[in-house]
Amino acid sequence: MPQKTNDKLRNIALVAHVDHGKTTLVDALLRATGTFGTHSALIDRVMDSDDQERERGITILAKAAQIEWKGVKINLVDTPGHADFGGEVERALALVDGILLLVDAAEGPLPQTRYVLSKAMRLDLPVILVINKVDRGDARPAEVLHEVEQLFLDLAHADHHLSFPVLSAVAREGRVMNGLGMPPPEADLSALLDAILEFLPAPTNDASLPLQAMVTNLDASDYLGRLAIGRVHSGVLRKGDQVALCQKPTDDDPNPVLRRKLSTLFAFSGIERTEVLEVVAGDLFILAGIEEVEVGDTIAVADNPVALPRLEVDEPVLRMSFGVNTSPYAGRDGKFLTSRHLRDRLRKEILGNVSIRIAETDSADITDVSGRGELQLAVLIENMRREGFELQVSRPEVITKDINGKRHEPLENGLCDVPDEYVGSITQALAPRKGRITDLRPGDPGRTIVSFEAPSRGLIGFRSLLLTVTRGTALLNQNFAGWMPWAGDLPHRLGGAMVADRIGTTTGYALDNLQLRGTLFVAPGVDVYEGMVIGENSRDDEMVVNAVRAKEKTNIRTHSHEDGPKLATPITHTLETAIEWIGEDELVEVTPKNIRIRKRFMTLEDRRRSNKKSAN
C-alpha cells in the first residue's frame, strides 16, 4: 500500500562548505516569508546564536526553523560546513527529505561540499543547487556548475541523482533567479521557495500507522530537564501519552525498552519553539519527560513497539585528556575547579553532541575526550573556559585501529588554495608529515589548488604552519578519508621548551638575556611558576631558566637612555596554537583569563625521574 504524504509540509537542510552563505540564506528566507515581524529586531545570522559561531564566522550546531510559503510549512535545518562538526550534519540529514546545496560562484565545490553531498546521496535525498555570490568580481558560475556536475557524476548511486534544478543567488541581498546569471534588482526569493515546493518531496509518512519517531539531537532546559529533538516517521506524537523508548541494544539485552509518559511537547514555529498537543507524521518535534533518551533512540507505541534503524555517525579520530587545573595559580580566575564539575560538564556535552565521546582514566581527576578534529575540541574547551571552568588539557593524539592484525591510523584528504609562489612551501611542509600531493590545478588568477592526503597525526598544527609560511594567504580544508597503515614517527616542533625554574613575576632584565637563546611567550610583568613554559629554545633540548631575576642595584649612576632592555614582541599563544605546540610531556592550562603552557611535572627532579621511568 503506498504511503501517504503530507503535501502541506517540507523538511529541507541547507548544506555547503564553510562560508558559502547557508546561514545568510536562512536569514533572507526568514525575512522574505515574514517570520520576522515588522516589530522584530533584524539580527544578522540569527541561526548562529552561539558566541563562538559569531566570532569564528562558522556554524557549529545544526539548528531548525520553520517558515510558511503558499500555505506550506517548510522546516529549514541549517547545518555546519566544517568537517569537524560532521556529526551535526549527519543528524540533520536524518530529519529531512531534500537539501539545498549552496556553492560559492567563485570557489566552487570544496571538500566539505563533497563530504555532505556524499552523505545526502547515500540517503537518496533530492538536491536543489544554488550557486551563491554570483555578484562576486571573480564569479565563474558556468565553470562552477560544470565542477558540481562532475562531483555528482563521482558520487551518484542512481541516474535520478544526476537531474537537479539550478538557481543563481545573491543571498545577502535576498535575490534569486532560475538558471545561471545575475538575478535582476527587483528579484526576491520567490523562485527558490517555489522550487522547494516543486522539486523537493513532501514527507511520505502515514499518521494512521503506529507511532515511530527518531531522536536525532538532544538539548537541555533548566526547567524541563533533557529535551529530545527529532522527526515523527509514522503515527502521531501526543502530549501526555504513554510511549515506549527503544534504546541502544546491549550484550545483555538486544531490545531494551522503557515505558515513559510525555510531559511536554513542542514544535518549531519560526525560530521559536511553541508548545503543542500533538505532532503528526512527517513533522519535527521537541519533547520533554524522558531523562534516559539518547541520540538514535526510537519513540514508539507503548504496546508492541518497533524500533527504526539506529542512527550511526562516523567515529572520532582525535583524543585529548581533560584534567583538573593543578598549577600553583589554580583557582585564581575560575568558578568550577573540581573533578566533579569537570565530569558533570563533559557528561552534559555528550547529551547533545553525538560525535564527542568521554572515557574514564586511571586518575579520578582526568577524563579522556574524543572528537572529530582539533577545531571541535578547541570549541568545547573555549566554551568551558567562558563558562568559568579551569582545566588543563593535553596535546591531541590520534585514535588508532587494529585492521588485519596491523596498526592503522586516520587518513585525511586536504585541499589548499594558495598563491602560486607558495606551492613549493606547501610541498616542503607536507613532506616530513608523510603527506602526499594528489592533484595540482589552477584556481583563481595567481592561485593554485593543491590537493593532498596525509595522516591526521601529521596535520596537527599544520594549519598554523601553513598560515605562517604563506603569510596568512592560504585557505585550508580537510576531512576524514578512512584508515591507513601506521606511518611511523613524525616530526613535531624544532625547538625545546624554555621552562621557568621558580614562581614570581617576569622582569625585562631577565627576559632580555633569555631572548638571545630562543623565542619568548611572555612579556615583563607576567606571573610565572616553576614548570611553566615561557618560550621556545633555539635548540631541541629543554632549558630551565630564571625569568624573574631583577638587575642588581649599584651606587654607579648613568645618564644614558640606552640601558633599558629592548625586547622583541613575545608570541602570544591562542588556545588552538598552544594545543598544537605542546609535546607529550606538556599541558595547556586554560582559565577564564589565561592560557598558559606548562610541563606535566613541575620540578626538574620530577621530570628527570619520569624520563628515567619511561626509558626503563
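This report describes the overall make-up of a predicted protein model, one helix pair, several loop residues and the cysteines.

**Overall make-up**

The protein contains 13 helices and 35 strands. Of its 616 residues, 52% are buried. Among the contacts in the protein with a separation of 6 or more, 71% are between residues 24 or more positions apart.

**A pair of helices**

Helix α9 covers residues 423-430, and helix α10 covers residues 462-469. Their axes come within 10 Å and cross at roughly 150°. An angle over 145 degrees counts as roughly antiparallel, and α9 and α10 are therefore roughly antiparallel to each other. The crossing of α9 past α10 is right-handed. On the α9 side, the contact is made by Ser425, Ile426, Ala429 and Leu430. On the α10 side, Phe462, Leu465, Leu466 and Val469 take part. Sorted by type, the residues of this contact are seven nonpolar, one polar and no charged.

**Three loop residues**

The table lists three residues found in loops, with the relative accessibility of each.

| Residue | Loop lies between | Relative accessibility | Class |
|---|---|---|---|
| Asp124 | α4 (111-122) and β5 (127-132) | 40% | partly exposed |
| His160 | α5 (141-155) and β6 (166-170) | 49% | partly exposed |
| Asn304 | β17 (298-301) and β18 (318-324) | 65% | exposed |

Asn304 counts as exposed because its relative accessibility of 65% is over the 50% cut-off. His160, at 49%, counts as partly exposed, and so does Asp124, at 40%.

Two of the residues in the table can also be described by their backbone. Asp124 has a phi near 60°, which is a positive value in a residue other than glycine. Asn304, also a residue other than glycine, has a positive phi near 55°.

How far apart are His160 and Asp124 in sequence and in space? In sequence, His160 and Asp124 are separated by 36 residues, and their C-alpha atoms are 9.4 Å apart.

**Cysteines**

A disulfide is a covalent bond between the sulfur atoms of two cysteines. In this model, a pair of cysteine sulfur atoms has to lie within 2.5 Å to count as one, and by this rule there are zero disulfides.

Are Cys246 and Cys416 buried or exposed? Cys246 has a relative accessible area of 6% and is buried. Cys416, at 0% relative accessibility, also counts as buried. Both are placed in this class because buried means under 20% relative accessible area.

Terms used: Residues numbered from 1 in each chain as written. Predicted model: local features only at pLDDT ≥ 70, side-chain atom pairs only at ≥ 80, totals over all residues. Heavy atoms only, no water. Buried < 20%, exposed > 50% of the residue type's maximum accessible area, 1.4 Å probe, protein only. Axes fitted to C-alpha atoms, helices over the stretch in contact; angles between N-to-C directions. Helix = DSSP H or I, 4+ residues; strand = E, 2+ residues; numbered from the N terminus. Parallel < 35°, antiparallel > 145°, perpendicular 65-115°, else oblique. Left-handed = near helix turned anticlockwise from the far one by under 90°. Contact = heavy atoms within 4.5 Å. Nonpolar A, V, L, I, M, F, W, Y, C, P; charged D, E, K, R; others polar.
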